[in-house]
Structure formats: C-alpha cells, structure tokens
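Visitor: Could you take me through the reasoning behind the labels given to some side chains and backbone angles here?

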Amino acid sequence: MKLKQKSEFNADASDLLIKNNYYAPSVHCSYYSVFQLMKVAMKDFKGVDYETIDANVASSNSSEHRYIRNEILNIIRDFDYNEYSRMSRNIKDLYQFRIESDYKNIEVNSQKATKAKKFSRDIILYIKENFHV
C-alpha cells in the first residue's frame, strides 16, 4: 500500500509544482506517479510480491523502468490492442518528458508540464479502471 500512496503523493505534488511554476520537477512527479502505480498494478494483477518483481528485473538485463513498462503494456495488449497503442505512446512520451526534464539542458515550460500531467492522469485512470488498483 505504501507504493500506491507514494504514487498519489507524486500526483498531488505535480499539481502543486505546476501551480507554483516549478515545471521540470512537476514532470518528474507526474512520471513517478505513473511508474509507481504500474508497479502496484503489476503486483496486484500478476499476484507477485515486490521482491519477486525486483528479482525478475535483476534477471531481465533491463532497467526496472523498461521492465515494468513492458510488462504492463503486454497485459494491456492482451486486453485491447487499440488501448495498447494509445497507452504505449502515452507512457513512452511521458518517459521521454521525464528524461528531458531530469537530464537535458532544456527548458521545461508550462505547456510541457501540463501535457505530462495530462498523460499521467490518462494512464493512471486507465490503470485504476482496468487493473482495479
């Protein structure tokens, strides 16, 4: 339950940061609110604990972010391919925004922060409705 609460805190923090014109950190929080909820969804949907997920990540030769993203997208693809395409695009765009926000020497403006927040809200709503977290 702690990771789900962290996801909610990050979503709230993103709103507060945008409101106070801290756009780059808001993108970071928008992304992590999704990432954390995807990990919760994976645990609940697949019925595996976080230690098993971590062990699977370690043995996958992949980053934790890529592993979780791919696992969730594979589940979505099995539900509905059209939603898979949309969610895949949204998750990858949000991830790219986070990379730019955290690591690139570029300005993150209100428009980009708001777009990242929109992506995160859409992804979170989909996960909550379809993974029942």
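Guide: The turns below take up ring pairs, burial, charges over rings and backbone angles in what is a predicted model.

Visitor: Why is the contact of Phe 97 and Phe 119 called an aromatic pair, and what makes it tilted?

Guide: The ring centres are 5.9 Å apart and a pair needs centres within 6.5 Å, while the 40° between the planes is neither under 30 degrees, as for stacked rings, nor over 60, as for edge-to-face ones, so the pair counts as tilted. A search of the whole structure finds 9 aromatic pairs. Because Phe 97 belongs to helix α5 (residues 81-103) and Phe 119 to helix α6 (residues 110-131), this pair ties together parts that are 22 residues apart in sequence.

Visitor: How do you know whether Phe 97 and Phe 119 are buried or exposed?

Guide: Phe 97 has 13% relative accessibility and Phe 119 has a relative accessible area of 9%; buried means under 20%, so both residues are buried.

Visitor: What makes Arg 98 count as lying over the face of Tyr 31?

Guide: Arg 98 is at 4.9 Å from the ring centre and lies over the face of Tyr 31, and the distance limit for such a placement is within 6 Å, so that part of the criterion is met. Ring pairs also link Tyr 31 with Tyr 32, Phe 35 and Tyr 95 into a cluster.

Visitor: Why is Asn 61 called exposed, and what is its phi?

Guide: Asn 61 has a relative accessible area of 80%, and exposed means over 50%, so the label applies. Asn 61 lies in the loop between α3 (50-59) and α4 (64-79), and its phi is near 60°, a positive value in a residue other than glycine. Most residues other than glycine have a negative phi.

Definitions and conventions: Residues numbered from 1 in each chain as written. Predicted model: local features only at pLDDT ≥ 70, side-chain atom pairs only at ≥ 80, totals over all residues. Heavy atoms only, no water. Phe/Tyr/Trp six-rings, centres within 6.5 Å; stacked < 30°, edge-to-face > 60°. Helix = DSSP H or I, 4+ residues; strand = E, 2+ residues; numbered from the N terminus. Buried < 20%, exposed > 50% of the residue type's maximum accessible area, 1.4 Å probe, protein only. Lys NZ or Arg CZ within 6 Å of the ring centre and 35° of its normal.
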